[in-house]
Amino acid sequence: MKPLLWFAGMAFAVGAQAAPQEPLWAMVKKEQPVAVETLRDLVNIESGSRDKEGLDRLAAFLGERLVALGGKIEYYEPTPADTHRLYDTPNELGKVVIARFAGTGTRRIMLLAHMDTVYAHGTLGKRPYRVEGSRAYGPGIADDKSGVAVILHTLSLLEALDFRDYGALTVVINGDEELSSPGTRKLIQSIGAEHEFVFSCEPTSTKHDEIALATSGIGSASLTVRGKSAHAGVNPELGRNAIIELAHQLLQTNDLSDAERGIKFNWTLSSGGNTRNVIAELATASADVRVRRLSDFDVIEKRFRDRVQSKLIPDTHVEAGFERRRAPLEVTEASRALAKKAQGIYAEMGRSLLVDETGNGVGTDAAFAAGSGEPATAEGFGLAGYGYHSSEEEYVDLDSIEPRLYLLTRLIMDTARGR
Ligand SMILES: [Zn+2]
């Protein structure tokens, strides 16, 4: 079977016809309905980032599937020592499923996705899995159960082709991505550093069929203002109003976004005071920060800290905080070359693939995987999805299964063979 495949590949390279390679294309078409069943099974195990029991069930399910595909499985439980604790990190984090496939070649390729979702346990009861036309609905179905399904069925195609021309093919499925990967960022970076290529499988959007070579770095800025309480009716002049000082600070830091550098700085949370007739003693606020370059974290942190020096109410105490939650993925020449290859593969299906180099404000684990500077990394190999991280119902476009399975399978084959 193998020599035949080699000839088929060579014939197309020479002929440069816009037609998908056989027998892979026919196999992808057969795989499509099986992948839909996998999507259903993945959605039917709820796995919110804080639902440890659900995450454990899904990890066990994935472990079994990956063993059946021939992988050597390992489960990684985040330890307190290796956890980069953020203000919203829960005590228990989901584990990571790692599957290693050893091949006969030299190239080392990593596939990355995450099994946790942003939804609380019980959401599935209200929005059960269902298919309507070419859409499959369910909590987390796009982000990122679609990426997990693409990986499982790409592996199944490679197995059916008896393809082992890579040196190592490593699958990493994370369980705390939606919490900014506090317990797994180190692991993902160190596994990434062992590989030459990382294909990260977050969903693409139903509006643009694309992959991304850049993602945003995400930070958060915070302000804690301490004033002095006093009776609001009897002697308000003795108080120092933390809410008013916070309002002053928010207004004077409200223009820190920098469109030219791609820095976004937006206040998103605030609270203050606790009794209507008492001058507020405490007020707090948090801002969401996005950057395109790692060095811009320093730029924006300095601008923020400089700006909050001036106060409106002298006797209040203003404390500024700045947290780097997630690094950005930055474009490299190697990742551009990967994208070119991917566009060539899409062209065989008569499709065009967009390549995003701006990050669009989204942050993912691809940046951690690429953190060592070692692997060429691209993001967005999951299915076309809609409504993730929103109050709208999340769905995937089932018509994106075939092109996406073909793309990832071919890309693995080509990079493994050094093409
Ligand atoms: Zn995601």
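These notes cover the overall fold, two helix packings and three residues of a predicted model.

1. Basis. Residue numbers start from 1 along each chain as its sequence is written. The model is predicted: local features need pLDDT of at least 70, side-chain atom pairs count only at pLDDT 80 or more, and totals for chains, interfaces and linings use all residues.

2. Overall fold. The protein has 11 helices and 17 strands (DSSP runs numbered from the N terminus, helices being H or I of at least four residues and strands E of at least two). Its C-alpha trace spans about 90 × 45 × 40 Å along the principal axes. The radius of gyration is 24 Å, which agrees with the value near 22 Å for a compact globule of 419 residues (taken over C-alpha atoms, the globule rule being 2.2 Å times the number of residues to the power 0.38).

3. Burial and contact range. Of the 419 residues, 45% are buried (20 or more other C-beta atoms within 10 Å of a residue's own; 12 or fewer is exposed, in between is partly exposed, and C-beta atoms are placed from the backbone). Among contacts between residues at least 6 apart in sequence, 81% join residues at least 24 apart (a contact being two C-beta atoms, placed from the backbone, within 7 Å).

4. H2 against H11. Helix H2 (residues 24–43) packs on helix H11 (residues 401–416) at an angle of about 125 degrees, the axes being 9 Å apart (axes are lines fitted to C-alpha atoms, for helices over the stretch in contact, and angles run from 0 to 180 degrees between N-to-C directions). H2 is therefore oblique to H11 (under 35 degrees is roughly parallel, over 145 roughly antiparallel, 65 to 115 roughly perpendicular, and the rest oblique). The crossing of H2 and H11 is right-handed (the near helix is turned clockwise from the far one by less than a right angle; anticlockwise is left-handed). On the H2 side the contact includes Trp25, Val28 and Ala35, and on the H11 side Ile401, Tyr406 and Arg410 are among the residues met. By class, the residues of this contact are 7 nonpolar, 2 polar and 4 charged (Ala, Val, Leu, Ile, Met, Phe, Trp, Tyr, Cys and Pro are nonpolar, Asp, Glu, Lys and Arg charged, and the others, Gly among them, polar).

5. H5 against H11. H11 also packs with helix H5 (residues 145–160), at about 55 degrees and with axes 9 Å apart. This pair is therefore oblique, and the crossing is right-handed. Val150, His153, Thr154, Leu157 and Leu158 of H5 meet Arg404, Leu405, Leu408, Thr409 and Ile412 of H11. The contact of H5 with H11 comprises 6 nonpolar, 3 polar and 1 charged residues. Leu405 and Thr409 appear in the contact with H2 and in that with H5.

6. Tyr395. This residue belongs to strand S17 (residues 395–397) and is buried, with 24 C-beta neighbours inside 10 Å. Ile141 is 254 residues away in sequence, yet its C-alpha lies 6.2 Å from that of Tyr395. Beyond four places in sequence, the contacts of Tyr395 include Arg135, Ile141 and Gly385.

7. Pro203. The loop between strands S7 (197–200) and S8 (204–205) holds Pro203, which is buried with 27 C-beta neighbours inside 10 Å. Among the residues Pro203 touches are Ala142, Ser146 and Gly385. Gly385 is thus in contact with both Tyr395 and Pro203.

8. Pro182. Pro182 sits in the loop between strand S6 (168–174) and helix H6 (185–193). Pro182 is partly exposed, with 19 other C-beta atoms within 10 Å. Its contacts outside four places in sequence are Thr83, His84, Arg85, Leu86, Thr89 and Asp176.
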